[in-house]
Amino acid sequence: MSAPVLQVRGLSAGYGPLTVLHDLDFTVQAGERVALIGLNGHGKSTLFRAISGLTDWQRGSVQLGGREVGGQRSGSPGRHTHRIVRAGLAHMPQGDAIFPGLTVAQHLDCGAYTSAAWRQRRQRQEELLCVFEPLRKLLASPVGTLSGGERRMVSLARGLMTPAKLYLVDEPSLGLAPKISRAVVDALMQIDVGQGAMVIAEQNLALLSGRVNRTLGMHAGQLKGSA
Amino acid sequence: MDVDIGFIAITALTLGCIYALLALGVSIVFASLGMINMAHGLSFAVAGYGAWATAQWLSTAPWAVLGGGMLAGGLCGLLICSVAFIPLHDKPNFVVRSLVATLAISLLGVQGLLTAFGPNAKSLPPLFGTAPWTWGGWQIPADKGGAIVCALLLMGLTLLWMTRSRMGLQVRAMMQNPEGAALVGIGVRSTALTVMALTGALAGLAAVLLSQTYFVSPFSGTTPLVKGLIVALAGGLGSVPGAVVAAALVGLIEALTGAFLGGQYVLITQFLFIIAVLLWRPRGLGGLLDHSRE
């Protein structure tokens, strides 16, 4: 059997003197869609940021498709993020991490960071525009001028431009009107993860219930309960 | 008073082009790496010596001298990056630290050049011939005509590279959101090395072009650095179109001052210009031209 898409062992992480994650262990198998449910401030985003190497410090093992990308680290957040991303991670963060002066089309081009993806970027862009239909007429607009829902779509589409092993989607519904957040989640469900996997962090359980393979609960920096 | 408008225009254009090359370097480095590169003038001086050495020992062909200068400038940029950016960029207070580090590199480098080559100025062979170019009823001195053409060509290529290529897109993404850039697989350090090599080569080109009229000396980078910084600040640090517009204005002011008041007033009018611009628009001219900033 091939290695799981994501295997986390004894992961602790935090910011400065603050420990947010306490010795987490969990595994995500190929083809799974997992919901990570928990209230604000209980460490969902920090877990994603620790997997991406963006927290201030962390320790413990994070294996992406059998390859170790975690380990002990203190300081220099983001130093190895691009390598983890190139190992097959697509992280769509809270706040969307957009480039305000670049247009929607340029964002999508940025997402195609491997040479193979860069060559096929037009075709991939076309596929994604079918999923995120409202972006089609905004391709030439700077993303700084878009609404919150449109930015979320740009951020998600950018993360989907290069095929990844693991998709981490941080609160796709945050700050959006109910109708728009349902549309965004629908779009995420249309994405074919293939042999990869998708983890969606969410506070709104109803939005995802029945649409994911399983649910992990997060409370005070620990995983509590799963279904 | 007899004033030759054509001469003023050509001088303004030449100076504007060369200042734009320098200011583009300062501006791109500040925007993408968040560092004010005080050693940009050192790249300029080193490139001058690179061109001189090429002409002395390898070949006096124009492309070889230009290439030697740009190569030396690019290598100097790589050196600055590996000493001042890579070890410091994720440490606290990076802006001040890198300012101090690049200033130190600049001082050390200039003294090193002084030790190695002595204080005497060197001259480069004429690259574009000596006969003036005639075009319509106009006569353009060959060195100025060549400088204008080369500078515009390289600036055009740089702008094209910034807007069209994947690497240029990555540099602009990194300018606007470093964390977002990391999340789309852009490595800060490798991008920084590319940017510094490129801007070093631009400084090198400016050095070789300017040495057609001035000379190569250990201190030859100081005044161009000051002017490059003036132009980059007036243009709005980080704005590429702003830097180009400001360079044209500063070149024009220098040519007009030289023709009407005398060369000794050039720095005074230039500093008055930048003070006026910063009083009027504290973010520089670039704020007028960039359509989206948050």
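How many of the 227 residues of chain A, as a percentage, count as buried? The figure is 48%. This tour passes through chain A, then chain B, then the place where they touch. The model is predicted, and the predictor gives the complex an ipTM of 0.85 and a pTM of 0.78.

**Stop 1: chain A as a whole**

Begin by selecting chain A and colouring it by secondary structure. The chain has 8 helices and 11 strands. Rotate the C-alpha trace: along its principal axes, it spans about 45 × 40 × 40 Å. A compact globule of 227 residues would have a radius of gyration near 17 Å, and because chain A has 17 Å, the two agree. Consider next how the chain folds back on itself. Among contacts in chain A between residues at least 6 apart in sequence, 69% join residues at least 24 apart.

**Stop 2: strand 4 of chain A and its partners**

Select residues 57-64 of chain A, which form strand 4. Which strands pair with it? Three pairings may be visited in turn.

- Strand 1 (residues 6-15) of chain A runs antiparallel to strand 4, and 7 bridges join the two. Display Gly14(A) here, for it stands opposite Trp57(A).
- Strand 6 (residues 73-74) of chain A also pairs with strand 4 in the antiparallel sense, over 2 bridges. The bridge partner of Trp57(A) in strand 6 is Ser74(A). Trp57(A) is thus a useful residue to centre on, with Gly14(A) as its counterpart in one pairing and Ser74(A) in another.
- Strand 5 (residues 67-68) of chain A is joined to strand 4 by 2 bridges, again antiparallel. In this pair, Leu64(A) stands opposite Arg67(A).

Remain at the last pair and examine the turn. Strands 4 and 5 of chain A form a hairpin with 2 residues between them. Within the turn, Gly65(A) has a positive phi of about 55 degrees.

**Stop 3: strand 7 of chain A**

Move to residues 89-92 of chain A, and show the side chains. In a regular strand, the side chains alternate between the two faces of the sheet. Are the faces of strand 7 covered or open? Both are covered: Leu89(A) and His91(A) lie on one side, Ala90(A) and Met92(A) on the other, and all four are buried.

Now add residues 166-170 of chain A, which form strand 8. Strands 7 and 8 run parallel and are joined by 4 bridges. Ala90(A) stands opposite Tyr167(A) of strand 8.

**Stop 4: chain B as a whole**

Hide chain A and select chain B. Its mean pLDDT is 83, and 95% of its residues reach 70 or more. Chain B contains 12 helices and 2 strands. From the N terminus on, the elements run α-α-α-α-β-β-α-α-α-α-α-α-α-α. The radius of gyration is 19 Å, close to the 19 Å that the globule rule gives for 294 residues, so chain B is as compact as a globular protein of that length.

The C-alpha trace of chain B spans about 60 × 45 × 35 Å along its principal axes. Of the 294 residues, 53% are buried. Among contacts in chain B between residues at least 6 apart in sequence, 73% join residues at least 24 apart.

**Stop 5: two helices of chain B**

Select residues 94-117 of chain B, which make up helix 4. At 1.5 Å a residue, its 24 residues should span 34 Å; the end C-alpha atoms are 33 Å apart, which agrees.

An α-helix has 3.6 residues a turn, so residues three or four places apart point the same way. With this in mind, highlight the buried residues of helix 4, among them Ser98(B), Ala101(B), Thr102(B), Ile105(B) and Gly109(B). The buried residues of helix 4 pack against helix 2 (40-58) and helix 3 (62-85) of chain B. Just after helix 4, Gly118(B) takes a positive phi of about 80 degrees.

Proceed to helix 8 (residues 188-210) of chain B. Its 23 residues reach 32 Å from first C-alpha to last, close to the 33 Å expected. Helix 8 is mostly covered, with 18 of its 23 residues buried.

**Stop 6: where the chains touch**

Finally, show both chains together. How many residues of chain B are in contact with chain A? There are 20, and they are in contact with 27 residues of chain A. Helix 6 (166-176) and helix 7 (178-183) of chain B each supply at least two residues of this side of chain B. Helix 6 gives the largest share, 5 residues. Coloured by type, the residues on this side of chain B divide into 6 nonpolar, 7 polar and 7 charged.

Notes. Residues numbered from 1 in each chain as written. Chains lettered and ligands numbered in written order. pLDDT = per-residue confidence, 0-100. Rg over C-alpha atoms; globule rule 2.2 N^0.38 Å. Buried ≥ 20, exposed ≤ 12 C-beta atoms within 10 Å, placed from the backbone. Contact = placed C-beta atoms within 7 Å. Nonpolar A, V, L, I, M, F, W, Y, C, P; charged D, E, K, R; others polar. Expected span 1.5 Å × (residues − 1). Pairing = 2+ DSSP bridges.
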